[in-house]
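Reader: Please give me a close look at the surroundings of the ligand, set carefully in the context of the whole chain. I would also like to know how buried or exposed the individual residues you discuss are.

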Amino acid sequence: MVACIGGGQLGRMLGLAGLPLGVCFRFLDPSAEACARDVGELLVAEYDDPRALGRLADGADVVTFEFENVPVEAAARVGAVPGRAALEQGQDRLREKELFRSLAIPTARFGSVEETGLPALVKSRRLGYDGKGQRRVDVADALGEGELAEELVAFDRELSIVGVRARSGETRFWPVGENLHRDGILRVTRAPAPGAPQSDAEAICTKIMDALDYVGVLAVELFEVGGRLLANEFAPRVHNTAHWTIDGAATSQFENHLRAILGLPLGPTELRAPSAMVNLIGSVPALEAMLELPGARVHLYGKAPRQGRKVGHLTLIDPAEDTVQRAVALADAR
Ligand code: AMP
């Protein structure tokens, strides 16, 4: 049995990947509506509730988590995998950037506005995600408490590399994805990204996973500028930009995360078919309209509609460009 801190869609897709392997799940989430409840037992309590954490871990083969802002103490208390180092480095944008620097991984300039130059992006060091807690600064400005400035990068495109590392240190990678964001939220991933520097991206991901002695799936978000890669951030978990691997790769990121943390052999990560993933945000389009798209695979998370909320995704297998545009229009038509 796998215990998972967090019962959102990532937990749900981990649970779904576990079913055919005979791996069952228990989730901890503060919401009784948490959508992973459809695929395992759900404990409803706060993430730092010591009694609930004890119940979560009781009888589990391993404890994992589906988002990186889980309290480090709580995760450490139950020996969650991946461990403390990955969480601590990933929860603070300054420490994350310092880790990249120490590993000679290029990043945007960061620090104070004097160090980055203008225009700059000021981000909160903690608990920022999906572009939340960010502001653009065009004139010299002092940083607030707990803030970090970054050079505003005029990137050519956003890419991500997602890899998995086993307990033995063996690593595997999925093809680099090309990501389109709107309002700071991921809308579309295409994989493989045409002409992407796959081996450079893998080298960056390997350095991070090795430095943290990491076990499981880890994603690195990258900016491509003139053929060069800058690391923006890493996530020590399964990642939205690799949801396409359920349908488009030989083994999904969810299954390989389970294999890694359970000490099982990793599965092959190669492409089955070029794929595009379109996020469904806010509400779900008509099922019939989605299923009419050629090569579409529909993944609904069983979440109530709410503005800005990820409620599902479509994977389009070997799609024509026109099909991707139709899927995006469908996802936007509300
Ligand atoms: P983050 O919260 O770091 O994931 O940033 C969310 C989105 O903001 C990224 O996917 C980029 O589109 C944009 N962004 C973040 N950092 C920078 C930067 N230094 N320069 C330009 N765009 C950025």
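Author: A residue is called buried when its relative accessible area is under 20%, exposed when that value is over 50%, and partly exposed in between. The model is a predicted one, and the terms just given can be tried out on Q253. This residue belongs to helix α9, which covers residues 253-261. Its relative accessibility is 0%, which is under 20%, and Q253 therefore counts as buried. The side chain of Q253 is not without a partner, for a polar contact of 3.2 Å joins it to the side chain of H243.

To place the ligand, it helps to begin with the overall division of the chain. The protein is split into domain 1 (2-80), domain 2 (109-151) and domain 3 (157-332). Between the centres of domain 1 and domain 2, taken over C-alpha atoms, the separation is 33 Å. Because residues of domain 2 (109-151) and of domain 3 (157-332) both contribute to the shell around the ligand, the ligand lies between these two domains.

The shell itself can now be taken in detail. There are 16 residues around the ligand, and those that come nearest are K123, E151, V153, E158 and E233. Sorted by class, the shell holds 5 nonpolar, 4 polar and 7 charged residues. Several side chains place polar atoms close to oxygen atoms of the ligand, and three such pairs can be followed one by one. In E158, a polar side-chain atom is found 2.6 Å from an oxygen atom of the ligand. For N232, an N or O atom of the side chain is 3.1 Å from a ligand oxygen atom. E233, which is also among the residues that come nearest to the ligand, has a polar side-chain atom 2.8 Å from an oxygen atom of the ligand. As for how far the ligand is covered, on its own it has 480 Å² of accessible area, and the protein covers 91% of this. Two or more residues of the shell come from each of the elements β6 (120-124), β8 (147-151), β13 (216-225) and β14 (228-235).

One of these strands, β6, leads on to a feature of the backbone. P119 sits in the loop between α6 (113-116) and β6, and the peptide bond that joins L118 to P119 is cis, with omega about -5°. A cis peptide bond also joins V81 and P82, where omega is about -5°; P82 is placed in the loop between α3 (72-77) and α4 (84-91).

Two aspartates deserve a look for their backbone angles. D183, although not a glycine, has a positive phi of about 50°, and its place is in the loop between β11 (177-182) and β12 (185-191). With a relative accessible area of 65%, which is over 50%, D183 is classed as exposed. In D318, again a residue other than glycine, phi is positive and near 45°. D318 is located in the loop between β17 (310-317) and α11 (321-332), and a relative accessibility of 54% makes it exposed.

Strand β12 contains I185, and this residue counts as buried at 11% relative accessibility. From I185 to G54 the distance, C-alpha to C-alpha, is 34 Å, with their positions 131 residues apart in sequence. A further pair of positions is E46 and A149, which are 103 residues apart in sequence and 32 Å apart in space, C-alpha to C-alpha. E46 lies in the loop between β3 (41-44) and α2 (50-57); its relative accessible area is 49%, and it is partly exposed.

The cysteines complete the account. A disulfide is taken here as a pair of cysteine sulfur atoms within 2.5 Å, and by this rule the count is 0 disulfides. C35 takes part in none, and the nearest cysteine sulfur to it, that of C4, is 11 Å away. At 4% relative accessibility, C35 is buried. C205 is likewise in no disulfide, with the nearest cysteine sulfur, again that of C4, 20 Å away. A relative accessibility of 0% means that C205 also counts as buried.

Technical notes. Residues are numbered from 1 along each chain as its sequence is written. This is a predicted model: local features need pLDDT of at least 70, side-chain atom pairs count only at pLDDT 80 or more; totals for chains, interfaces and linings use all residues. Side-chain values use heavy atoms; hydrogens and water are left out. Domain bounds come from an automatic or database domain assignment. Buried means under 20% relative accessible area, exposed over 50%, partly exposed in between (1.4 Å probe, protein chains only). A residue is near a molecule or strand if one of its heavy atoms lies within 4 Å of it. A polar contact is a pair of N or O atoms within 3.5 Å; within protein, one must be able to donate a hydrogen and the other to accept it, and residues adjacent in sequence count only if both atoms are side-chain atoms. Accessible areas come from the Shrake-Rupley method with a 1.4 Å probe; for residues, only the protein chains shown count as cover. Helices (H or I, at least four residues) and strands (E, at least two) are DSSP runs, numbered from the N terminus. Ala, Val, Leu, Ile, Met, Phe, Trp, Tyr, Cys and Pro count as nonpolar, Asp, Glu, Lys and Arg as charged, and the others, Gly among them, as polar.
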